[in-house]
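Let's take a walk through a protein model together. Have the sequence and the 3D view open, and look up each residue as we reach it.

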Amino acid sequence: MLAIRLAFAAKHRPTVPCLRRGVASKAVPTGAHRKWSAGKVLLGTTGSLLLGAIAYDGAVNEFETVYGAERFLRSFGIGVSISVDYSWSLWGLEESDPNYEEVISGVHQRAADRILNGCLTNGGLYIKMGQGVAAMNHIIPKEYIRTLKKLEDQCLPRKPGEVRKLFEQDFGKPPEEVFQTFDYEPIAAASLAQVFRGTTKEGQQVAIKVQYADLRKRFNADLRTILFLQDMIALIHKSYNFGWIVRDLQGTLREELDFIHEGRNAERCAEDLRKHDSVYVPKVLWDYTNQRVLTAEFIDGCKINDTDRLKHLKINLAKLDVALFRAFADQIFRTGFVHADPHPGNVFVRKDPASGRPQLVLLDHGLYGNLTPEVRSNLCRFWEAIVLKDHSEMAKFARALNVQDYRTFAEILLQRPLELKGSKLTTRLSEEDLAYMTLQAKEHFDKVMQTLRSMPRNLIFVLRNLNTIRAIAREHGDPVDRPKVMARCALAALRQYSVGFRGYFRSIFRRINFEYQLWKFSFQFWLVSSYLRLLTRLGRSPDTAHLLDVQVDV
């Protein structure tokens, strides 16, 4: 073979005429042409090695290395294109310019569309990151929120052959032989898996969550890519570095790949919340469950943010939100086992078959955080101090949680200003309040990041939970004062940290004092409002409009 290749190369080598003693002789290669020939050999060898590596990857790894490189290049390209678009479109443009809002809105939308398409194409961890961004609807522009919300249930489905192959690997037979019936058309597609509907051999209707077959292979590579991109962003924008969060929590993220772990989380959640009649966790069918397949009873309901359908079903949104807040406050303050991914695709609403009353159905129990009793106790007291406007207590219990800037910490937990301004006691944020939070995120991001990094690490899961349920309540119109509902739950949870008879009565006194203080604030506001209304009717209303701008602490 080598002789043939050498003969072929000699036959086709470049030549130039050579004159010897005035007579044309056979052509000989010049130095330049010898270099060109060597270059072609090098290119050919490199190409052959590359093709060989790709073929090997396909045979051994089902092209996962190639696909990983493709996802990396796609993500890197999207990041560069977004950065260039912002720089080019806003070059020389000031916020005071009349067309600034129109231009920036267009840039936001193009960036959001690129991120959405990239997340959907890449799948896996990218979708989970996009879902986390969509929950931050108090900070990021509305174009991102509106676009990335599609990631809650608009993930790329896979081919039926992939599902069949996974079942044959894990169960030794295809789905239609494992179950009595199995519908290959997915009813939902999440970041890590698809959900199918089926019937067990015993005739029970079930939801079957099947992990993407390549997810475990690609997890580490995708995690490294996301961390690399975070580090690249940090080099350009030093304050915007969230890579430490991913690094600290990568172990917990990896636990999501084990559906047996998720099934156990679901059972623990059901046990922790068993006293909440308004909450239901579907039962896991262990005979049909393994690390990559999770089977649970099928529940028919609607997503909690489907406000139109909820109103059509005549479900009271205020009562529904109270049930939502109490359930997760119980996890945060009492049990310490906190559902960290309660986005609307994971919280359904149905009518309780027994009572007919609305009931929350909690799904997807892969991602949970654990809080120690010490952290929970200090967090309870900090939340109580927020509602009672006790700044000295806020500072004290913030320091106990290793946080120095208690104001920033309170606003991160509340996702609203610590002091609200307005002429009415309302749970809804005004445009002024929303603008304040946006400004805080933009101009004081270093303070926010410092607070996040100083607090106990697992509080990240609490923040994710609070962000998500706050976003749900906002879509309902914020009919309930969330901080007050959760503060009452915090006070109830404090009883478990009270020792002895004296501690028990002290906790009772705290609860009575808390309710009295809330009543006093409301009564004082009612007196002021009534007095101003009376003056208005008598035609003696004060000219200074600022008297109507009563400040109300949360």
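Our starting point is Gln180, which sits in the loop between helix 8 (175-178) and strand 3 (181-182). Helices (H or I, at least four residues) and strands (E, at least two) are DSSP runs, numbered from the N terminus. Before going further, note that this is a predicted model, where local features need pLDDT of at least 70, side-chain atom pairs count only at pLDDT 80 or more, and totals for chains, interfaces and linings use all residues. Residues are numbered from 1 along each chain as its sequence is written, and side-chain values use heavy atoms, with hydrogens and water left out.

Back to Gln180: it counts as partly exposed because its relative accessibility is 49%. Buried means under 20% relative accessible area, exposed over 50%, and partly exposed in between (1.4 Å probe, protein chains only). Leaving aside residues up to four places away in sequence, Gln180 touches Thr199, Thr200, Lys201 and Gly203. Touching, or contact, means heavy atoms within 4.5 Å.

**The whole chain**

Now zoom out. The protein chain has 21 helices and 15 strands. Of its 554 residues, 45% are buried. Among contacts in the chain with a separation of 6 or more, 66% join residues 24 or more positions apart.

Here are some pairs, with their distance along the chain and in space.

| Pair | Apart in sequence | C-alpha to C-alpha |
|---|---|---|
| Gln180 and Thr199 | 19 residues | 5.4 Å |
| Arg334 and Gln496 | 162 residues | 7.9 Å |
| Leu253 and Tyr368 | 115 residues | 9.3 Å |

Two residues from the table deserve a visit. Arg334 belongs to helix 13 and is partly exposed, because its relative accessibility is 27%. Leu253 belongs to helix 10 (residues 243-255). Is Leu253 buried or exposed? Leu253 is buried, because its relative accessible area is 12%. Not counting residues up to four places away in sequence, Leu253 touches Lys128, Phe219 and Leu367.

**The nonpolar cores**

In soluble globular proteins, nonpolar side chains tend to be buried together. A nonpolar core is a set of buried Ala, Val, Leu, Ile, Met, Phe, Trp, Tyr and Cys residues joined through side-chain atoms within 4.5 Å. The largest one here has 75 residues, and those with the most contacts inside it are Leu324, Ile332, Phe333, Leu360, Phe382, Trp383 and Phe409. Helix 13 (residues 317-335) gives this core its largest share, 11 residues. Where does this core lie? It lies between domain 2 (159-211 + 258-298) and domain 3 (302-497), because both give residues to it. These domain bounds come from an automatic or database domain assignment.

Try clicking on Leu324: beyond residues up to four places away in sequence, it touches Ile304, Val347, Leu360, Ile469 and Ile472. Apart from the largest core lies another, of 30 residues, including Cys119, Leu192, Leu215 and Phe461.

**A pocket between domains**

Next, some empty space. The second largest pocket holds about 690 Å³. On a 1 Å grid over the protein atoms alone, a pocket is an open set of points where a 1.4 Å probe fits, with protein on both sides within 12 Å along at least five of seven lines; lining residues have an atom within 4 Å of a point. Grid points are joined across faces, edges and corners, and the volume is the space filled by probe spheres set on the points.

How many residues line the second largest pocket? There are 32, and Ala188, Val195, Ala207, Gly345 and Leu363 lie nearest its centre. The lining divides into 19 nonpolar, five polar and eight charged residues. Here Ala, Val, Leu, Ile, Met, Phe, Trp, Tyr, Cys and Pro count as nonpolar, Asp, Glu, Lys and Arg as charged, and the others, Gly among them, as polar. Domain 2 and domain 3 both give residues to the lining, so the second largest pocket lies between them.

**Some unusual backbone angles**

Most residues other than glycine have a negative phi. Asp364 has a positive phi near 55°; it lies in the loop between strand 12 and strand 13 (368-370). Asp364 counts as buried because its relative accessibility is 16%. Lys389 also has a positive phi, of about 60°, and is found in the loop between helix 14 (373-387) and helix 15 (391-400).
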